[in-house]
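Visitor: Please walk me through this model, one question at a time. I would like the reasoning along with each value.

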Amino acid sequence: MNESIWEAARASRSWLDAANGTGQTELTCRILKLTEEAGEASAAWIGLLGQNPRKGVTHTREDVAAELADVAFTALVAIESLGLDASSVLDSCAAKVRSRLAG
């Protein structure tokens, strides 16, 4: 992945640390933020399908992709907030998936 993604995740973590601190409550909020972002991705998908008859079709695939990107980025910030290197953690996860696919 592009180095600017990792830099942005680290910068976001630093910005949040400075604004909100680094205690357990703050870490909990950063992890819970993933649920909020996932809900927005779900809402965008529902909007793409037009599942709410009152609203009709309200979103595009690009909107859904943007919300999913928010989920992914929020996860990277949360990993960094745990004091871990998000790049290394994601590399390990990808290696685990590759080994499952190969076996």
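Guide: A helix here is a DSSP run of H or I with at least four residues, numbered from the N terminus. Keep in mind that the model is predicted.

Visitor: Lys33 and Glu37 both lie in helix α2; how many residues apart are they?

Guide: Both residues sit in α2. Their spacing is about one turn of the helix. In residues, that separation is 4.

Visitor: How far apart are the closest N and O atoms of Lys33 and Glu37?

Guide: A salt bridge needs a Lys or Arg side-chain nitrogen within 4 Å of a carboxyl oxygen of Asp or Glu. Lys33 and Glu37 form such a bridge. Their closest N and O atoms are separated by 3.5 Å.

Visitor: Is Glu37 buried or exposed?

Guide: Start with Lys33, which is partly exposed at 33% relative accessibility. Buried means under 20% relative accessible area. Glu37 has 8%, so Glu37 is buried.

Visitor: Which residues do salt bridges that share partners join into one network?

Guide: Shared partners link several salt bridges together. The resulting network consists of Glu3, Arg10, Arg13, Asp17, Glu26, Arg30, Glu80 and Asp85.

Visitor: What is the N to O distance in the salt bridge of Glu26 and Arg30?

Guide: These two residues are 4 apart in helix α2, which spans residues 24-49. That places them about one helical turn from each other. Their side chains meet in a salt bridge with an N to O distance of 2.8 Å.

Visitor: What relative accessible area does Arg30 have?

Guide: The cut-off for buried is under 20%. Glu26 is buried, at 13%. Arg30 is buried too, and its relative accessible area is 7%.

Visitor: Which side chain meets Glu3 in a salt bridge?

Guide: Glu3 is partly exposed, with a relative accessible area of 42%. Its salt-bridge partner is also partly exposed, at 27%. The N to O distance is 3.4 Å, and the partner is Arg10.

Visitor: How many salt bridges does a search of the whole structure find?

Guide: The pairs discussed above include Glu3 with Arg10 and Glu26 with Arg30. Searching the whole structure gives a total of 9.

Visitor: Now the packing. Is α2 roughly parallel or roughly antiparallel to α3?

Guide: The axes of α2 and α3 are 8 Å apart, and the helices pack at about 170 degrees. Angles over 145 degrees count as roughly antiparallel. Therefore α2 relative to α3 is roughly antiparallel.

Visitor: By class, how many charged residues does the contact of α2 with α3 have?

Guide: On the α2 side the residues include Leu27, Ile31, Leu34 and Trp45. Facing them in α3 are, among others, Val64, Leu68 and Val71. The contact has 13 nonpolar and 2 polar residues, and its charged residues number 8.

Visitor: At roughly what angle do the axes of α1 and α3 cross?

Guide: Helix α1 covers residues 3-20 and helix α3 covers residues 61-81. Their axes come within 9 Å. The crossing angle is roughly 60 degrees.

Visitor: Which crossing does α1 make as it passes α3, left-handed or right-handed?

Guide: The angle above makes α1 oblique to α3. As α1 passes α3, the crossing is right-handed.

Visitor: Leaving aside neighbours within four places in sequence, which residues is Phe73 in contact with?

Guide: Phe73 lies in helix α3 and is partly exposed, at 27%. Its C-alpha is 9.3 Å from that of Trp6, though 67 residues separate the two in sequence. With those neighbours left aside, the contacts of Phe73 are Ile5, Ala8, Ala9 and Ser12.

Visitor: How far apart in space are Ile5 and Ser87, C-alpha to C-alpha?

Guide: Ile5 is in helix α1 and counts as partly exposed, at 30%. Beyond its neighbours within four places in sequence, Ile5 contacts Phe73 and Leu76. Ile5 and Ser87 are 82 residues apart in sequence, while their C-alpha separation is 9.4 Å.

Visitor: What distance separates the C-alpha atoms of Gly50 and Ala11?

Guide: Gly50 is in the loop between α2 and α3. Leaving aside neighbours within four places in sequence, Gly50 contacts Gly56 and Val57. Gly50 and Ala11 are 39 residues apart along the chain, and their C-alpha atoms are separated by 37 Å.

Key
Residues are numbered from 1 along each chain as its sequence is written. This is a predicted model: local features need pLDDT of at least 70, side-chain atom pairs count only at pLDDT 80 or more; totals for chains, interfaces and linings use all residues. Side-chain values use heavy atoms; hydrogens and water are left out. Axes are lines fitted to C-alpha atoms, for helices over the stretch in contact, and angles run from 0 to 180 degrees between N-to-C directions. Angles under 35 degrees count as roughly parallel, over 145 as roughly antiparallel, 65 to 115 as roughly perpendicular and the rest as oblique. A crossing is left-handed if the near helix is turned anticlockwise from the far one by less than a right angle, and right-handed if clockwise. Buried means under 20% relative accessible area, exposed over 50%, partly exposed in between (1.4 Å probe, protein chains only). Contact means heavy atoms within 4.5 Å. Ala, Val, Leu, Ile, Met, Phe, Trp, Tyr, Cys and Pro count as nonpolar, Asp, Glu, Lys and Arg as charged, and the others, Gly among them, as polar.
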